[in-house]
Amino acid sequence: MEIRIALPKGRLGMKAYGILKNNGYECLELEGDSRKLVFHNTEKNITYFMVKPSDVPTYVARGAADIGIVGKDTLLEENADVYELLDLGFGKCKFAIAAPNGYVEDESRPLIVATKYVNVAKNYYEKKERKIDIVKLNGSVELGPLVDLSDVILDIVETGSTLKENNLSVIEDVADISARLIGNKSSYKFKRKKIDDIVLALEKSTK
């Protein structure tokens with residue numbers, strides 16, 4: 001029975017593949033310098049897809065892939081109907097709200113939030129019962145408060161150095177982020193043994 005695995009293109013995907021390889025799920029075809037997107041190991045009955053990180057939940061939710069590896073940030077934003085099988089413990093960072101140093105919130109009006117992560121922002125502020133006006137940006141969201149486009153930003157924060165350089169600072173932590181193993185709900189029902197074997201192997205390797 002074949003297992004299809006969606007990996008995000010880039011550093012996160014290659015790190016995840018390295019762990020899978022070390023646990024016997026190698027695919028030498030994937031390791032070469034190739035523009036291919038689908039890679040097979042017929043001996044192990046494994047197929048890997050290399051996809052855009054934000055598309056991993058879609059491939060898994062719709063059953064094109066049985067399992068996938070994706071950042072928690074993407075899971076929270078896409079809200080895909082998948083099983084979250086394991087926190088892999090790497091790729092750690094956080095969602096946070098940041099504002100100019102010394103910022104004081106005006107609670108008499110909606111808060112203007114610049115972000116790439118519209119759904120994360122909506123869900124976070126709905127729980128706080130705070131009215132917001134979202135400004136969707138695809139580039140450097142740090143610029144928003146600096147040019148009076150927004151009051152605050154919601155973004156991924158790793159070291160915080162970019163915030164410091166632009167006289168911004170974190171005022172609220174929203175959620176911790178790391179790489180997660182996700183599974184298609186139907187696949188987990190019919191291929192549970194093979195998927196559980198992968199979960200167990202990864203669990204031991206990432207402790």
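**A tour of two cores and a surface patch**

Begin in this predicted model with the largest nonpolar core, which has 27 residues, and select Leu7, Leu20, Leu30, Tyr48 and Leu202, the residues with the most contacts inside it. Then colour the elements that each give two or more residues to this core, namely strands E1 (3–8), E3 (46–51), E4 (67–71) and E11 (179–183) together with helices H1 (11–22) and H9 (192–205); of these, H9 gives the most, with five residues.

Centre the view next on Tyr48, and leave aside residues up to four places away in sequence: Tyr48 touches Ile5, Leu7, Tyr17, Leu20, Tyr25, Cys27, Leu30, Leu37, Val38 and Phe39. A second, separate core has 14 residues, including Ile97, Val113, Ala121 and Tyr124.

Now select helix H5 (residues 118–127), where Val118, Val120, Ala121, Tyr124 and Tyr125 are buried. Looking down the axis of H5, you will find that its buried residues fall within an arc of 160°, so they line one face of the helix, while Glu126 and Lys127, on the other side of H5, are exposed. To see what the buried residues of H5 pack against, add helix H4 (72–78) and strands E6 (93–100), E7 (111–115), E8 (132–136), E9 and E10 (168–177). Just after H5, stop at Glu129, which takes a positive phi of about 55°.

Finish at the surface, where Leu143, Leu146, Val147 and Leu149 form a nonpolar patch with about 340 Å² of accessible area together. Within this patch, Val147 lies in the loop between helix H6 (143–146) and strand E9 (152–157), and Val147 is exposed, with a relative accessible area of 52%.

Definitions and conventions
Residues are numbered from 1 along each chain as its sequence is written. This is a predicted model: local features need pLDDT of at least 70, side-chain atom pairs count only at pLDDT 80 or more; totals for chains, interfaces and linings use all residues. Side-chain values use heavy atoms; hydrogens and water are left out. A nonpolar core is a set of buried Ala, Val, Leu, Ile, Met, Phe, Trp, Tyr and Cys residues joined through side-chain atoms within 4.5 Å. Buried means under 20% relative accessible area, exposed over 50%, partly exposed in between (1.4 Å probe, protein chains only). Helices (H or I, at least four residues) and strands (E, at least two) are DSSP runs, numbered from the N terminus. Contact means heavy atoms within 4.5 Å. Patches are made of residues with over 30% relative accessible area and no salt bridge: like charges are joined within 9 Å, nonpolar side chains (Val, Leu, Ile, Met, Phe, Trp, Tyr) within 5 Å. Accessible areas come from the Shrake-Rupley method with a 1.4 Å probe; for residues, only the protein chains shown count as cover. A salt bridge is a side-chain nitrogen of Lys or Arg within 4 Å of a carboxyl oxygen of Asp or Glu. The arc is that of the directions from the helix axis to the C-beta atoms.
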